[in-house]
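Student: I would like to go through this model with you step by step, from the overall fold down to single residues.

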Amino acid sequence: MLKDVGYSNLVVHGQTRDEKDGKKFRANWNAIKPVKNELRIPVLANGNIRHMEDVQNCLEETCIDGVLSVETLLKNPAHFVEFWTADWIADNEKDFVDGKLHQANLAMEYLKLCVKCQFPWRTIRSHIVVKKQ
């Protein structure tokens, strides 16, 4: 029915509205698999994708077509290619690759993609944070 009305894919978050705080509640990937089994369109999982290991585990556990990661990528858009800048390094993170990335350049690239894809400003403004130095 979803495909017939024009849906090309579906994103399923493995948490209820009351569990949306990912720091307190882990996404339930087992709840996503039955959705995938019933649909003929691509299904993407969202929730608790913080490392490449999470990507692999979620794909294996759910048999879905792809994953989304929000919080991790909002902190560091280059996280999954393992690049960090000094601004993103926490005191306890000793091993990292300095990818010589500049946050302003990443922000500009993000905004250009948003313009190209015609995202409304209200959906992107909270994803760009300016810190006073």
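The exchange below moves from the whole chain to its sheet, its core and a few individual residues.

Student: In what order do the elements of the protein chain run from the N terminus on?
Tutor: One should keep in mind from the start that this is a predicted model. The secondary structure of the protein chain amounts to 5 helices and 5 strands. Read from the N terminus on, these elements follow the order β-α-β-α-β-α-β-β-α-α.

Student: What percentage of the 133 residues in the protein chain is buried?
Tutor: The surface is a useful place to begin, since the chain exposes about 10300 Å², and carbon and sulfur atoms supply 54% of that area. A residue is called buried when its relative accessible area is under 20%. By that criterion the buried share of the 133 residues is 25%.

Student: Which strands stand at the edges of the open sheet of 3 strands?
Tutor: The open sheet has the order 1-2-3 with parallel pairing, and the twist from one strand to the next averages 35°. An edge strand has a single partner strand, so one side of it is left without a neighbour in the sheet. The strands in that position are strand 1 (10-13) and strand 3 (66-68).

Student: Which residue of strand 2 is the bridge partner of V12?
Tutor: Strand 1 pairs with strand 2, residues 43-46, in the parallel sense, and the pairing extends over 4 bridges. Within strand 2, the bridge partner of V12 is A45.

Student: Which elements each supply at least two residues of the largest nonpolar core?
Tutor: In soluble globular proteins, nonpolar side chains tend to be buried together. The largest nonpolar core here has 10 residues in all, namely V12, A27, W29, I32, V43, A45, I49, V55, C58 and I64. The elements that each supply at least two residues of this core are strand 2 and helix 2 (52-62).

Student: With which residues is V55 in contact, leaving aside its neighbours within four places in sequence?
Tutor: V55 is one of the residues of the largest nonpolar core, which also includes I49. Once its neighbours within four places in sequence are set aside, the contacts of V55 are I49, V67 and F80.

Student: Is L59 buried, partly exposed or exposed?
Tutor: L59 lies in helix 2, and beyond its neighbours within four places in sequence it is in contact with I64, D65, G66 and V67. Its C-alpha is 8.4 Å from that of A45, although the two residues are 14 apart in sequence. The relative accessibility of L59 is 28%, and because the partly exposed class lies between 20% and 50%, L59 counts as partly exposed.

Student: Is N48 buried or exposed?
Tutor: N48 is found in the loop between strand 2 and helix 2, and its phi is positive, about 60°, although it is not a glycine. With a relative accessible area of 8%, N48 is buried.

Student: Is Q118, which follows helix 4, buried or exposed?
Tutor: Helix 4 has 14 residues and reaches 20 Å from its first C-alpha to its last, close to the 20 Å expected at 1.5 Å a residue. Q118 sits in the loop between helix 4 (103-116) and helix 5 (121-124), and its phi, near 60°, is a positive value in a residue other than glycine. Its relative accessibility is 69%, and because the exposed class begins over 50%, Q118 counts as exposed.

Terms used
Residues numbered from 1 in each chain as written. Predicted model: local features only at pLDDT ≥ 70, side-chain atom pairs only at ≥ 80, totals over all residues. Heavy atoms only, no water. Buried < 20%, exposed > 50% of the residue type's maximum accessible area, 1.4 Å probe, protein only. Areas by Shrake-Rupley, 256 points an atom, 1.4 Å probe, with all protein chains shown as cover. Pairing = 2+ DSSP bridges. Axes fitted to C-alpha atoms, helices over the stretch in contact; angles between N-to-C directions. Core = buried A, V, L, I, M, F, W, Y, C linked by side-chain atoms within 4.5 Å. Contact = heavy atoms within 4.5 Å. Expected span 1.5 Å × (residues − 1).
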